[in-house]
Amino acid sequence: MSSAGLALQEAMRDALIADDAVKAALGGAYVFDEVPRGAPPAYVEFTTLDTRDWSSSGERGFEHFVSLAVRSNSRSRRQAQEISAAVQAAFDGAALAIRGHRLVNLSLVFWSVMKTGQSYGASLRFRAATEPF
């Protein structure tokens, strides 16, 4: 059986790099698990993945909390807000193809835009529930 968390992250990344609004906000398909050395902003990076057992007496299941970081190259909040909105919209009602698992639900828990050095960034946290096939 594949790791439910890793399979979810891969499906989320695939959805983001396929989304035209996300690519437009980033200026390309700049969504990373590990940011390449020297990659200039703007990009989205997967930062934290927490997975918990969410099984019931008869069904296996997993609860996931996935954190994403947005790095912008702007001295205003606008770009970080626009990227965050595009990421949220890409997952709104998405039917992610998760290897070996079925998505029960996916929702945004919060997002926060903050100044990071001379530019702005954002942090987004999603909650997902999955069940193995």
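Me: Before we start, strands here are DSSP runs of E with at least two residues, numbered from the N terminus. In this predicted model, which strand holds Ser-67?
Reply: Strands are numbered from the N terminus, and the run to look at covers residues 62-71. Ser-67 sits in that run, which is strand β3.

Me: Is Ser-67 buried or exposed?
Reply: The cut-off for buried is under 20% relative accessible area. Ser-67 comes out at 8%, so the call is buried.

Me: And which side chain does the Ser-67 side chain join in a polar contact?
Reply: Leaving aside neighbours within four places in sequence, Ser-67 is in contact with several residues, including Phe-46, Thr-48 and Leu-124. The polar contact between side chains spans 2.9 Å, and the partner is Arg-125.

Me: How are the rings of Phe-32 and Tyr-43 arranged, stacked or edge-to-face?
Reply: This is one of two aromatic pairs in the structure. The centres are 5.9 Å apart and the planes meet at 65°. Planes over 60 degrees apart count as edge-to-face, so Phe-32 and Tyr-43 are edge-to-face.

Me: How many residues apart in sequence are the parts that this pair ties together?
Reply: Phe-32 belongs to strand β1 and Tyr-43 to strand β2. Both rings count as buried, with Phe-32 at 14% relative accessibility and Tyr-43 at 11%. The pair ties together parts whose separation in sequence is eleven residues.

Me: What about Phe-91 and Phe-126: which helix and which strand does that pair tie together?
Reply: Their ring centres are 5.1 Å apart with planes at 85°, so this pair is edge-to-face. Both residues are buried. They lie 35 residues apart in sequence, and the pair ties together helix α3 and strand β5.

Me: Which residue meets Glu-63 in a salt bridge?
Reply: The N to O distance is 2.8 Å. The pair links strand β3 to strand β5, 64 residues apart, and both partners are buried. The partner also lies over the face of Trp-54, at 5.6 Å from the ring centre. That makes the residue in the bridge Arg-127.

Me: How far apart are the closest N and O atoms of Arg-60 and Asp-53?
Reply: Seven salt bridges turn up in the whole structure, and Arg-60 with Asp-53 is one of them. Arg-60 is partly exposed at 45%, while Asp-53 is exposed at 55%. The closest N and O atoms are separated by 4.0 Å.

Me: Which residue forms a salt bridge with Glu-131?
Reply: The closest N and O atoms are 2.6 Å apart. The bridge links strand β5 to strand β4, 29 residues apart. On the β4 side, the partner is partly exposed at 41% relative accessibility: Arg-102.

How values were computed
Residues numbered from 1 in each chain as written. Predicted model: local features only at pLDDT ≥ 70, side-chain atom pairs only at ≥ 80, totals over all residues. Heavy atoms only, no water. Phe/Tyr/Trp six-rings, centres within 6.5 Å; stacked < 30°, edge-to-face > 60°. Helix = DSSP H or I, 4+ residues; strand = E, 2+ residues; numbered from the N terminus. Buried < 20%, exposed > 50% of the residue type's maximum accessible area, 1.4 Å probe, protein only. Lys NZ or Arg CZ within 6 Å of the ring centre and 35° of its normal. Polar contact = N/O pair within 3.5 Å; in protein donor to acceptor, adjacent residues only side chain to side chain. Contact = heavy atoms within 4.5 Å. Salt bridge = Lys/Arg side-chain N within 4 Å of Asp/Glu carboxyl O.
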